[in-house]
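Here are my notes on the model, set out as numbered points. Please read them beside the sequence and the coordinates.

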Amino acid sequence: MLTLAIETSCDETSSAVIKDGREVLSNIISSQIEIHRKFGGVVPEIASRKHIECINQIIQESLDEAKIGFKDIDLISVTRGPGLVGALLVGLSTAKALAYGLNIPIIGVNHIEGHVCANYIDHKDLKPPFTCLIVSGGHSYLVQVNSYVDYELVGRTRDDAAGEAFDKVARALGLPYPGGPFIDKLAKQGNKDSIEFPRVFLDDKTYDFSFSGLKTAVLNYLNQEKQKGNEIIVEDVAASFQQAVLDVLVGKSFRLAKSRKSDKIVIAGGVAANEGLRNMMEKKGKMEGIKIYYPSKILCTDNAAMIGAAGYFQYINGNESDLGVSVNPNLDI
Ligand code: KG4
Ligand code: ZN
């Protein structure tokens with residue numbers, strides 16, 4: 001079964017062709033990052049316009065690379081939320097037009113589920129149930145995935161998403177947007193024990209996260225050191241901040257996995273590309289007898305292949321949208 005997938009929820013215009021939910025025949029990603037970088041974040045109106053300019057060409061490229069034509073597609077899978085409303089509308093309207101013109105089924109999928117499903121592409125043996133940590137620029141969730149279509153939300157951020165905290169701290173350190181990858185790199189050269197930043201576990205009953213206090217603590221530290229005229233060692237700030245985030249993410253993921261007797265932890269979303277997070281998860285996983293899964297770096301950040309996988313698993317489990325499907329910028333998991 002061939003799925004044509006379209007993703008335009010934020011600043012990547014992406015189209016992919018997926019065979020039977022797990023095999024990528026093409027995954028074309030056109031990133032707008034360079035355009036938004038000078039504004040220090042994504043500008044919604046610019047994002048929508050850029051999607052419109054290139055979506056048709058990106059879809060054609062994904063078909064060409066997969067060596068198929070429109071007539072070969074069995075299903076259209078498209079992100080319907082969460083995301084920027086104008087950006088989502090470009091992808092959904094295009095998908096609807098194609099489904100109508102080709103007379104094939106359409107499925108509108110949840111972007112966050114897409115991040116989870118990226119793992120099915122890279123790990124052909126991976127099957128639910130498993131514990132899943134989803135950490136991206138817009139979201140931080142702890143989810144127990146009971147089946148391909150049953151996502152049980154157990155914890156979420158009460159303020160900033162993990163990736164957002166990385167980006168805000170990076171900005172304060174004068175690093176480019178998005179800052180996560182830069183902090184990751186600098187952290188390797190710094191001393192993670194040099195600055196004592198808070199670990200916000202909230203209380204031990206909840207699986208929720210909170211990162212805004214940590215972000216403020218880093219900003220206060222930078223201001224105080226500047227006022228004192230002290231030199232700021234960027235590598236040490238990056239390493240100490242990152243470790244404070246990871247202690248909470250890893251600690252809560254393992255607590256949930258153990259409470260559900262889960263022998264698998266899956267990481268998903270842009271922050272799953274973080275090497276410190278991957279290493280810490282794997283080290284603890286070996287000690288606790290829990291297997292760790294994460295996608296290749298290109299499938300961690302936004303891409304259409306993961307949307308193709310998510311749409312396929314929804315469809316073969318009996319779910320389908322119709323041409324009345326609408327975007328939902330605030331769609332939850
Ligand atoms: O999943 P994604 O592409 O977009 C959303 O759906 O939000 O995630 C982007 C986020 C950004 O905040 C970026 O800084 C973060 O993922 N990120 C990282 C790394 N690579 C990307 N954060 C930490 N370490 C990384 N290596
Ligand atoms: Zn995303």
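1. Helices here are DSSP runs of H or I with at least four residues, numbered from the N terminus. This is a predicted model, in which local features need pLDDT of at least 70 and side-chain atom pairs count only at pLDDT 80 or more, while totals for chains, interfaces and linings use all residues. Residues are numbered from 1 along each chain as its sequence is written.

2. Just after helix α7, Gly 229 takes a positive phi of about 80°. The helix itself has 17 residues (212-228), which at 1.5 Å a residue, counted for one less than the number of residues, should span 24 Å, and its end C-alpha atoms are indeed 24 Å apart.

3. Leu 214, Lys 215 and Val 218 of α7 are buried, meaning that 20 or more other C-beta atoms, placed from the backbone, lie within 10 Å of their own (12 or fewer for an exposed residue). Seen down the axis of α7, the directions to the C-beta atoms of the buried residues fall within an arc of 105°, so they line one face of the helix. They pack against α5 (162-172) and α8, with contact taken as C-beta atoms within 7 Å. On the other side, exposed residues include Thr 216, Asn 220 and Lys 228.

4. The largest nonpolar core (buried Ala, Val, Leu, Ile, Met, Phe, Trp, Tyr and Cys joined through C-beta atoms within 7 Å) has 98 residues, of which Val 245, Ala 305 and Ala 309 touch the most other members. Helix α8 (residues 234-259) gives the largest share, 13 residues.

How values were computed
Chains lettered and ligands numbered in written order. Helix = DSSP H or I, 4+ residues; strand = E, 2+ residues; numbered from the N terminus. Contact = placed C-beta atoms within 7 Å.
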